[in-house]
Amino acid sequence: MSRTPAAAPPPAAGSDAADRAAPAIVVDLVAVVVFVLLGRRSHNENEAVTGVLVTLWPFLTGLMAGWAVVGLRRARPLAWTTGAVLVVATVTVGMVLRHTVSHDGTPPSFVAVATTFLTIFLVGWRAVARWSARRRQAAG
């Protein structure tokens, strides 16, 4: 009888894997905050801190859920597949929470814009970082 190994726990704080993930998490957090700020600005919504937080929390929750999945999978922080997992988690969890808890709208156009923006930012910065690292390796 074959047994599959149990999933490894996410990296502990201070470990090499956690140290590599920390900067990526910060960049992802900034990307989600920028998404919310630009969205609120494009709709001329009040930029009060409470309004931003009300809009932000569902998507940050989704991002953190995505990072939990990434940690359980032991995925590489800079892999485009990591960015893709984060986009799916951020949009899915964010929209569900926004609709069910915050009772805010989730029209298809908003889902499409959120998915596009978050894909460009959460996958895009990883592509740029990997391209830049390859150029540095080739040059040095």
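**Entry: Asp 28**

I take contact to mean heavy atoms within 4.5 Å. With that in hand, and bearing in mind that this is a predicted model, I looked up Asp 28, which lies in helix H1. Setting aside residues up to four places away in sequence, I found that Asp 28 touches Leu 63, Trp 67, Leu 86, Leu 122, Trp 125 and Arg 126. I then asked whether Asp 28 is buried or exposed. The relative accessibility of Asp 28 is 0%, so I wrote it down as buried, the cut-off being under 20%.

**Entry: the chain as a whole**

I stepped back to see what the chain is built from, and I counted five helices and zero strands, so that from the N terminus on the elements read α-α-α-α-α, as the assignment of helices defines them. Of the 140 residues of the chain, 31% count as buried. I noted an accessible surface of about 8800 Å² for the chain, with 67% of it belonging to carbon and sulfur atoms. I also looked at how far along the sequence the contacts reach: among those between residues at least 6 apart, 69% join residues at least 24 apart.

**Entry: the nonpolar core**

Which residues of the largest nonpolar core touch the most other members? The core holds 24 residues, and the ones I listed are Phe 35, Phe 59, Trp 67, Leu 118 and Leu 122. Helix H1 (16-42), H2, helix H3 (80-100) and H4 each supply at least two residues of this core. As background I noted that nonpolar side chains tend to be buried together in soluble globular proteins.

I followed Leu 122 further, leaving aside its neighbours within four places in sequence, and found it in contact with Asp 28, Ala 31, Leu 63, Gly 83, Leu 86, Val 87 and Thr 90.

**Entry: aromatic pairs**

I wanted to know how many aromatic pairs there are. With ring centres required to lie within 6.5 Å, the count comes to five aromatic pairs. In one of them, the rings of Phe 59 and Phe 110 have centres 6.2 Å apart and planes at 80°, which is over 60 degrees, so I recorded the pair as edge-to-face. Since Phe 59 lies in helix H2 (residues 49-73) and Phe 110 in helix H4 (residues 108-122), this pair ties together parts that are 51 residues apart in sequence. Both Phe 59 and Phe 110 are buried.

The rings of Phe 117 and Phe 121 gave another geometry: their centres are 4.2 Å apart and their planes stand at 10°, under the 30 degrees cut-off, so I called this pair stacked. Phe 117 and Phe 121 both lie in helix H4, four residues apart, which is about one turn of the helix. At 17% relative accessibility Phe 117 counts as buried, whereas Phe 121, with a relative accessible area of 33%, is partly exposed. Together with Phe 35, Phe 59 and Phe 110, the residues Phe 117 and Phe 121 form one aromatic cluster.

**Entry: helix H4**

I checked the length of H4, whose 15 residues should span 21 Å at 1.5 Å a residue, and I found the end C-alpha atoms 20 Å apart, which agrees. The buried residues of H4 are Phe 110, Ala 114, Phe 117, Leu 118 and Leu 122. Seen down the axis of H4, these buried residues fall within an arc of 110°, so they line one face of the helix. I set beside this that an α-helix has 3.6 residues a turn, so residues three or four places apart point the same way. On the other side of H4, I found Pro 108, Ser 109, Val 113 and Ile 120 exposed.

**Entry: Thr 82**

I looked up Thr 82 next, in helix H3, and asked which residues it touches beyond those up to four places away in sequence. These are Trp 67, Val 70, Ala 75, Arg 76, Pro 77 and Arg 126. The relative accessibility of Thr 82 is 0%, and I entered it as buried.

**Entry: two loop residues**

I closed with the backbone at Arg 74, where phi is near 55°, a positive value in a residue other than glycine. Arg 74 sits in the loop between H2 and H3 and is exposed, with a relative accessible area of 58%. I noted a positive phi of about 55° for His 103 too, although His 103 is not a glycine. His 103 has its place in the loop between H3 and H4, and its relative accessible area of 64% makes it exposed.

Note on methods:
Residues numbered from 1 in each chain as written. Predicted model: local features only at pLDDT ≥ 70, side-chain atom pairs only at ≥ 80, totals over all residues. Heavy atoms only, no water. Phe/Tyr/Trp six-rings, centres within 6.5 Å; stacked < 30°, edge-to-face > 60°. Buried < 20%, exposed > 50% of the residue type's maximum accessible area, 1.4 Å probe, protein only. Core = buried A, V, L, I, M, F, W, Y, C linked by side-chain atoms within 4.5 Å. Areas by Shrake-Rupley, 256 points an atom, 1.4 Å probe, with all protein chains shown as cover. Expected span 1.5 Å × (residues − 1). Arc of directions from axis to C-beta.
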